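User: Hi! I'm new to reading protein structures and would like to work through this one step by step. Could you help me with some questions?

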Amino acid sequence: MVLMCIVFNPKQTANAADTADYSAGQLLLSNMGVAAQKCNLVGYQVILNKAGDKAVDEVEIPSRVYVELDFVGGTQLHVATSPHPNDQTKYEHIHAIPLALKSELNTIIMGMNPISFNIGQRINKHINIRVKRMDDDSTSDTFGKLIPIKTDSSAYLQTQASSDTSLHSVVLYFDYPFVSLF
């Protein structure tokens with residue numbers, strides 16, 4: 001088996017006025033792409049930043065984040081969800097990999113029983129990624145829906161009095177069977 005790591009370090013900003021969405025990006029593989037029929041998710045790491053001087057048990061850590069990859073999803077990834085909290089007839093349609101988080105800022109899960117995805121083609125050298133979380137703010141218009149996760153830097157979070165956390169990085173570990181160089 002060959003290891004492929006996807007490392008996403010979203011743009012960090014020290015400017016408190018910068019509210020752009022950095023939860024998505026294009027990554028570049030260190031080679032010309034990967035020829036694979038299938039790949040297996042065998043582990044992941046998610047690191048969060050916390051606001052201000054708060055202790056870890058005083059900040060809100062999401063129970064999971066959702067990672068969208070352009071080479072995984074569509075007809076291969078189906079996530080059943082509960083109905084929307086305010087409308088029991090509406091459901092959020094999710095085609096992203098849900099990654100469970102621990103109640104701490106650094107979650108590392110390795111040695112997973114592999115979750116396999118059929119690729120049937122070459123994984124492009126350019127990989128598009130987006131990281132989201134479920135909005136749990138009942139006063140928000142997006143309550144109960146997937147929204148981009150905050151990616152502000154720890155410098156920005158130091159100015160916040162809230163219990164916010166933000167994404168520092170995501171690492172996904174895949175393995176895949178080596179077939180040939182051609």
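User: How many disulfides does the chain have?

Analyst: Good place to start, and keep in mind that this is a predicted model. A disulfide is a covalent bond between the sulfur atoms of two cysteines. To be counted here, two cysteine sulfur atoms have to lie within 2.5 Å. By that rule the number of disulfides is zero.

User: Is Cys-39 buried or exposed?

Analyst: Let's use the cut-off: a residue is buried when its relative accessible area is under 20%. Cys-5, with 33%, is partly exposed. For Cys-39 the relative accessible area is 0%, so Cys-39 is buried.

User: What share of the residues in the chain is buried?

Analyst: Now we apply that cut-off, under 20% relative accessible area, to the whole chain. The chain has 182 residues, and the buried share of them is 42%.

User: How many helices and strands does the chain have?

Analyst: Try reading along the sequence: the pattern is β-β-β-β-β-β-β-β-β-β-α-β. Each β stands for a strand and the α for a helix. The totals are one helix and 11 strands.

User: Which strands stand at the edges of the open sheet of four strands?

Analyst: The order of this sheet is 1-11-3-8, with antiparallel pairing. Inside it, strand 3 and strand 11 are joined by 10 bridges, and one of the bridge pairs is Asn-40 with Asp-175. Neighbouring strands here are turned by 25° against each other on average, direction ignored. A strand at the edge has a single partner, so one side is left without a neighbour in the sheet, and that is the case for strand 1 and strand 8.

User: Which residue in strand 10 is the bridge partner of Arg-133?

Analyst: Arg-133 belongs to strand 9, which covers residues 126–134. Strand 9 pairs with strand 2 over five bridges, and there Gly-25 is opposite Ile-129. Strand 9 also runs antiparallel to strand 4, with four bridges, including the one between Val-67 and Val-131. With strand 10, strand 9 has three bridges, and the partner of Arg-133 is Ile-147.

User: Which strand gives the most residues to the largest nonpolar core?

Analyst: In soluble globular proteins, nonpolar side chains tend to be buried together. The largest nonpolar core here has 37 residues, and Ile-6, Leu-69, Phe-71, Leu-99, Leu-172 and Phe-174 touch the most other members. Among the elements that give two or more residues are strand 1, strand 4, strand 8 and strand 11. The biggest share, seven residues, comes from strand 3.

User: Which residues does Leu-99 touch, leaving out those up to four places away in sequence?

Analyst: Leu-99 is one of the core residues that touch the most other members, so let's list its contacts beyond the core as well, leaving out close sequence neighbours. The residues are Leu-41, Tyr-44, Val-46, Ser-63, Arg-64, Val-65, Val-67, Val-170 and Leu-172.

User: How far apart in space are Glu-58 and Asp-164, C-alpha to C-alpha?

Analyst: Glu-58 sits in the loop between strand 3 and strand 4, and it is partly exposed at 47% relative accessible area. A polar atom of the Glu-58 side chain lies 2.9 Å from the backbone nitrogen of Ala-55. Glu-58 and Asp-164 are 106 residues apart in sequence, while their C-alpha distance is 9.5 Å.

Key. Residues are numbered from 1 along each chain as its sequence is written. This is a predicted model: local features need pLDDT of at least 70, side-chain atom pairs count only at pLDDT 80 or more; totals for chains, interfaces and linings use all residues. Side-chain values use heavy atoms; hydrogens and water are left out. Two strands pair if DSSP finds at least two bridges between them. Buried means under 20% relative accessible area, exposed over 50%, partly exposed in between (1.4 Å probe, protein chains only). A polar contact is a pair of N or O atoms within 3.5 Å; within protein, one must be able to donate a hydrogen and the other to accept it, and residues adjacent in sequence count only if both atoms are side-chain atoms. A nonpolar core is a set of buried Ala, Val, Leu, Ile, Met, Phe, Trp, Tyr and Cys residues joined through side-chain atoms within 4.5 Å. Contact means heavy atoms within 4.5 Å. Axes are lines fitted to C-alpha atoms, for helices over the stretch in contact, and angles run from 0 to 180 degrees between N-to-C directions.
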